[in-house]
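I opened the model today to look up how its helices pack. I also wanted to see what lies around the ligand.

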Amino acid sequence: MVLQENPENDNITEPLIDPNNSLPQHSATSSYTEPTRSIPTPIGSTTFNMSFVFSLLVSVGALLFASTVWYITSTADYIFFIWHPTLMSLMLLMATNGILVLQKAESRQEKVASLNFHKAMQSIAFLSIIGGFYVITTFKNMGNKEHFASPHGKLGVITFSLILIQSIAGSTLVNFPGVVGGVAKAKAMYKYHRFSGYLVLALIWFTALGGTQNPWVKAQFDHLWVWLLAAGMVFVGTVGRVKSSKLKVW
Ligand code: HEM
């Protein structure tokens, strides 16, 4: 399996599973130390780190966006179209959290576990965007409407294409490293996948925000601040957790 080797040659030598400890372990050899602060609580002092707060911002922001869309689509009069925003919001939720889980992975076992979550979430995102794209194009065909006419539609088809490329490229690096010349070369290319992943994530959110300004959506729910709050939380949380050293591509 690809991941039995140390991802990105980070010189971490501990075994994948510590036989003396069945609980999830935080690496003692990790070079990264989270900033922690002791805070008093009614049942004693505890510590928190900013990374956790940023993580909450991202997850809650993405859930706020997706659940608001699902509220709209579940309360509106049923038309086939509603599956488009429903599936696209699932895609956005999965793609956002699928990036979040990998951001702080440092040790070998953290990377293995996080990559498994990443693969699962991005697989759901991949299927959701295909479904969401199929729904909107079929719906438009049913009404003989012009395709990719609005700014959201144009940006949407670009986002759709880039997600397909990003997903296929990522899956190839992890599952078929031989295609790019072997495991070592594939791992050396992770940084490009990471960099383009952030760009695609930004595009996903811009596209989704554009969708919320469609007249049909606004007729159901016209509270721009909710969408902006959700996107702002995700932006602050994601940027707050970025490790700039992991983003150097040249
Ligand atoms: C990042 C996620 C999304 C992508 C990639 C996406 C993609 C697209 C594409 C490609 C079209 C045009 C299809 C065609 O013309 O044949 C479209 C249309 C549409 N989308 Fe989305 N969409 C996304 C999210 C959303 C969301 C979250 C909403 C609503 C809250 C939404 C609402 C609409 C509406 C109302 C249309 C029809 C009008 C138009 O073409 O602009 N979309 N979408």
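Entry 1, α2 and α3. I looked up the handedness of this pair first. The crossing of α2 and α3 is left-handed. I am working with a predicted model. The two axes come within 7 Å and cross at roughly 160°. An angle over 145 degrees counts as roughly antiparallel, so I note α2 and α3 as roughly antiparallel to each other. I then sorted the contact by residue class. The contact of α2 with α3 holds 18 nonpolar and nine polar residues, and no charged ones.

Entry 2, α3 and α4. I ran the same look-up here. Helix α3 spans residues 108-142 and helix α4 spans residues 151-175. Their axes come within 11 Å, with a crossing of roughly 150°. This pair is therefore roughly antiparallel too. The crossing of α3 and α4 is left-handed. Which residues make the contact? From α3 I listed Gln 122, Phe 126, Ile 129 and Phe 133. From α4 I listed Phe 160, Ile 163, Ser 167 and Gly 170. By class, that contact has five nonpolar residues, three polar and no charged ones.

Entry 3, the ligand. I counted 27 residues around the ligand. Which of them come nearest? They are Met 88, Ser 150, Gly 153, Gly 156 and Gly 211. Next I noted the elements that give two or more residues to this shell. They are α2 (83-103), α3, α4, α6 (190-212) and α7 (215-220). Which element gives the largest share? It is α4, with six residues. By class, the shell divides into 13 nonpolar residues, 13 polar and one charged.

Entry 4, the record. I checked the UniProt entry, which is unreviewed. Its annotation "transmembrane region" covers residues 52-72, 78-102, 123-143, 155-183, 195-212 and 224-242. I looked at two of these stretches in the model. Over residues 123-143 the chain is 95% helix and 0% strand. The end C-alpha atoms of that stretch are 31 Å apart. Over residues 155-183 the chain is 76% helix, again with 0% strand. There the end C-alpha atoms are 34 Å apart.

Entry 5, recap. Both pairs I looked up have left-handed crossings, α2 with α3 and α3 with α4. Neither contact has a charged residue, whether α2 with α3 or α3 with α4. The shell around the ligand has one.

Definitions and conventions. Residues numbered from 1 in each chain as written. Predicted model: local features only at pLDDT ≥ 70, side-chain atom pairs only at ≥ 80, totals over all residues. Axes fitted to C-alpha atoms, helices over the stretch in contact; angles between N-to-C directions. Helix = DSSP H or I, 4+ residues; strand = E, 2+ residues; numbered from the N terminus. Parallel < 35°, antiparallel > 145°, perpendicular 65-115°, else oblique. Left-handed = near helix turned anticlockwise from the far one by under 90°. Contact = placed C-beta atoms within 7 Å. Nonpolar A, V, L, I, M, F, W, Y, C, P; charged D, E, K, R; others polar. Near = placed C-beta within 6 Å. UniProt positions renumbered as here; feature names shortened; annotations may be inferred.
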